[in-house]
Structure formats: structure tokens, C-alpha cells
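Student: Could you take me through one part of this model, the surroundings of the bound ligands? I'd like a close look, with the cut-offs spelled out.

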Amino acid sequence: MSAHFIDREYIKNLLEEAKYTDDGAISRSLDKAERFEGLDHREIAALLVNENPDHLKRIFNAAGEIKRRIYGNRIVMFAPLYVSDYCVNRCAYCSFNCGHRFDRRKLTMDEVREEVKILEKMGHKRLALEAGESNAECPIEYILDCIQTIYGMKFENGEIRRVNVNIAATTTENYRKLHEAGIGTYILFQETYDEQAYDRIHLAGPKKDFAWHLTAFDRAQEGGIDDVGGGVLFGLADPYFEVLGLMIHNEHLEEKYNVGFHTISVPRLCPAAGMNIADFPHLVDDATFAKIVAVIRIAVPFTGMILSTRESHEMRKKLLQMGISQISAGSSTEVGGYAKRQRDETVNPQFFVNDDRGALAIISELMDDGYIPSFCTACYRSGRTGDRFMSLAKSGQIGNVCLPNALMTLSEYSLDYGDDAFREKASAAIEQEIPHIANEAIRLKTVENVEKIRRGNERDFFV
Ligand code: SAM
Ligand code: SF4
């Protein structure tokens, strides 16, 4: 096994010792969590293995409190855009794996435009560009073309303002090119931090190299990308091991680059063509998954957490209360899937999503549940990335920045994409939130800007 910062035995020992943690120590960890101080490895392990219902209740409450106090009731919206399903890897869980035979394709630039047009009509401003790994069919130049095409599109009302990128681990030089193309976050899931499981599940291809995959964010940082988003695919190995792996990875980045993960994604394994989900012995049940989300929330209170449509409507509703700050809506996990859906053609996705409601229905329900859907991309556009974003989050100032931006972008969204009922609902939600902007000058400016957006004569404000 190769040398790197994930020490398998260390994590295994932490989890073994955690079983013997006494109630007093658990209670002290929870006190710390309730003060938003984060948790160390030993404490995280102890909370993960803990099954005491009273402790669990406190974990969920602390996660909910962090969510309310740090992130307020804003939920950032995004959608994935699959551009190519060519892949040279053989990941046992994925239908794009090279051993699975189907008609592969990548989008032409005209098709990219067609997909983006549909996504824009849903009101999206933030995309996650997704592709399989293939230097021959999908080289970095192709990805750069896609990004340029997307940023080059202007519609009557909207445009895509932030393209996050989720492509295979690559070289520092390629990360520099992505940085120069103006990407938002570079997202890469480690899939599993357990090197033995990783080796078993990744049957062939460059991704089989655990250390190459694990050190991708180091190369991304060296290439100038300071917003990186981590994650594991829950269901591949011991989920508690994965949480500790994520935390150690985050600390590695904090120590080396002064900034850890910008976001953590929590994808859970879904059924897919070309694989049988019953072959995976570590599937995570809903109760365990909820505990994991809550423990991550209290362990790293200032890191955004992303939940995709892999989760069901009910599970998303539940987990939003425990710290999720960003969700996707109206997603297709197929190359060309948005246009295909409009034409009612059969779909052939990377995996089958659970929450298949339309974007407007999801966004509207968020408001019914007391959330403010946010289409904000301001931090990235004003250069508040990496440690500049983190210091803003840690100082508690995020409420004076993100809340006004969320309200302005919701106002914009309701005008452009909502019907009368939606507009009414959004207006009421905005009125209710305005008093929560602590800074008076920003509060007044927000009221003025929302009014201008409603009159439809001016756009594109952000704090
Ligand atoms: N091909 C690149 C890679 O693997 O890093 C880019 C990302 S791939 C398009 C997006 C992610 O989908 C993968 O990282 C994996 O975690 C996830 N995925 C693959 N198969 C899945 C499945 N059956 N259920 C849920 N997520 C899956
Ligand atoms: Fe290819 Fe990514 Fe799927 Fe693996 S997860 S087979 S690298 S697309």
C-alpha cells in the first residue's frame, strides 16, 4: 500500500476504542459541538458508534442548531450537467464503467447549448459539470470548450453564473487550465477512504490508483483552485470509517493550504444499470445515514453540505433540518438527459435518482417548509473563495452577505420562472426574512434592490 495521509490502522483503532467511550466524555463532546467548536477524531468516532437515544437526540439537535445559526434557512440550488459518458475506468458501482456495454456519447457544443437552455428555463444559475474519464474521447480541451460554451450563453433573463466541475482526478497543469477557465468548485468524491475496499471496487483504469485519486485536491490547489469539494460514496465500505477519512482529508488540506473542503457531498449508492446493488455489503440504512449527516455537520460546522436527488423526497426533507445547505433539483444523470426528457425518450442514466420531482415543485416546497431557496453565486464572482470565504463563514458575517443575496436571487427567480402563486409565496418569504439582516445599511439596500428587481428594470445585484 502506498504512503499518504490516510492511515487505515489509525482509523480502525479509533473506531474500536470509541466503543468504550463513557457517557461523560460523550456529553463533553456534545457541549463542545453545541458551542460550534467542531470535534476531534476521537470525539467523532465516539459519536458515530454511539447508539444511545438521548445522545442521538442531542446530536440531531446540535446539528439543527448549527444549521439554523450559521446557514439560516437558506438552501443553495444547483443541477448536474452530464457531458460525456466515455470512461476508461471500471468502477463496480457505476453504469459508465468500461465493462458495461451501451451506446456512449458526448455532447456536441450545440447539444451543450440545448441542455443549458433547458436548465436555464428551470431557473438554475449553478451547474455541476460531470463526465467519465477518457483522455481520448473527453480530453481537458473538450471540458474547457464546454465551460466556455456555458459561460458564453446569455438568455433574456438569466445565465449560468457558476460552473462547478466534477471530473476525474487529473494533473496540476489541467487543474490550472480549469482554474483559468473560471470554474467554481472542483468536486471529486474519494468514493471510499478504505484503501483495501477501494482496490477491490475499482477494478481497472487510472482511477484504480488510490494515492493518485486521494492527492487530486493537492494538485488542484497547486493549480490555483482553492474551492474544492470532497465526498464519499456511502455504501462501499464501513460508513464510520468514511466519515473519519473525510475529516482527516479535510485537516490535511487545512494544514497544507490553509483551507479545507469548501463543501462535503454525501452521495449514497443507488441502483444503476450494469451493477447489482445487492452485491454491496455496506449499504447504509436511513437512520445511520441521518446520524452520519448530523455528525459531519457538528464536526465541521463551517463546511457547506450537499445532498443530491439520489435521496428520496422524504429523506431530503429530513436531512435539510440537520445541516444540508445545498441541494440539486430537477436533475438528470444522463448525457443529453434534459433534452431527452423533454422529448419523452427513454433514459439511460449513470444511476437512478430518487427525488425526480421537477425543479419548480422542489423549490416551491422548500418555501412551504420555511426555507429560502438561493440562486446566489456572489462569493465566487467577487473572489470570496478559499480561505477568504472560510474566514467570512467563521466570523458569523455570512448572514449579512448570504441572506441578502439569497433574497435578491429568489426575487429574481420568482419573477422570471414562477407563476402568480409562486410569486406571492416568495414575496411573503422575502418580507419575513428581511428583518433578519443584521446590518442596517445592507438591510435597506436589500429592500431597495428587491424592489428594483420586482419592477424588472435592474438586475444582478449582490453583496
Ligand atoms: N467520473 C468522475 C469520477 O468518477 O470521479 C466524475 C464523477 S462521476 C460522473 C460522479 C459520481 O457519481 C462518482 O464520483 C460516484 O461517486 C457517483 N456514482 C457513480 N455510480 C453511482 C451509483 N450507482 N449511485 C450513486 N452514485 C454513483
Ligand atoms: Fe467512470 Fe466516474 Fe463512473 Fe468510475 S465513477 S466508471 S470514473 S464515470
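Tutor: Sorted by class, the shell around ligand 2 has five nonpolar residues, four polar ones and one charged one. The class labels work like this: Ala, Val, Leu, Ile, Met, Phe, Trp, Tyr, Cys and Pro are nonpolar, Asp, Glu, Lys and Arg are charged, and the others, Gly among them, are polar. The residues surrounding ligand 2 are Cys87, Asn89, Cys91, Tyr93, Cys94, Phe96, Asn97, Gly132, Lys207 and Gln350, where a residue is near a molecule if one of its heavy atoms lies within 4 Å of it.

A word on the ground rules: this is a predicted model, so local features need pLDDT of at least 70 and side-chain atom pairs count only at pLDDT 80 or more, while totals for chains, interfaces and linings use all residues. Residues are numbered from 1 along each chain as its sequence is written, chains are lettered from A and ligands numbered from 1 in the order in which they are written, and side-chain values use heavy atoms, with hydrogens and water left out.

Now for where things sit. Ligand 2 is in the largest cavity, and ligand 1 sits in the largest cavity too. Here a cavity is a set of points, on a 1 Å grid over the protein atoms alone, where a 1.4 Å probe fits but cannot get out; a molecule sits in one if more than half of its atoms lie within 2 Å of its grid points.

On to ligand 1, which has 22 residues around it, with Tyr93, Glu191, Lys207, Cys270 and Arg310 coming nearest. Tyr93 and Lys207 are names you've already met in the shell of ligand 2. By class, the shell of ligand 1 holds 14 nonpolar, three polar and five charged residues.

Some of those neighbours make polar contacts, meaning pairs of N or O atoms within 3.5 Å. With Glu191, a side-chain N or O atom is 2.5 Å from an oxygen atom of ligand 1. Arg310 also uses its side chain: an N or O atom there is 2.9 Å from a nitrogen atom of the ligand. For Tyr93, the partner is a backbone N or O atom, 2.9 Å from a nitrogen atom of ligand 1. As for cover, ligand 1 taken alone exposes 570 Å², and the protein buries 96% of that, with areas from the Shrake-Rupley method and a 1.4 Å probe.

Conventions. A polar contact is a pair of N or O atoms within 3.5 Å; within protein, one must be able to donate a hydrogen and the other to accept it, and residues adjacent in sequence count only if both atoms are side-chain atoms. On a 1 Å grid over the protein atoms alone, a cavity is a set of points where a 1.4 Å probe fits but cannot get out, and a pocket is an open set with protein on both sides within 12 Å along at least five of seven lines; lining residues have an atom within 4 Å of a point.
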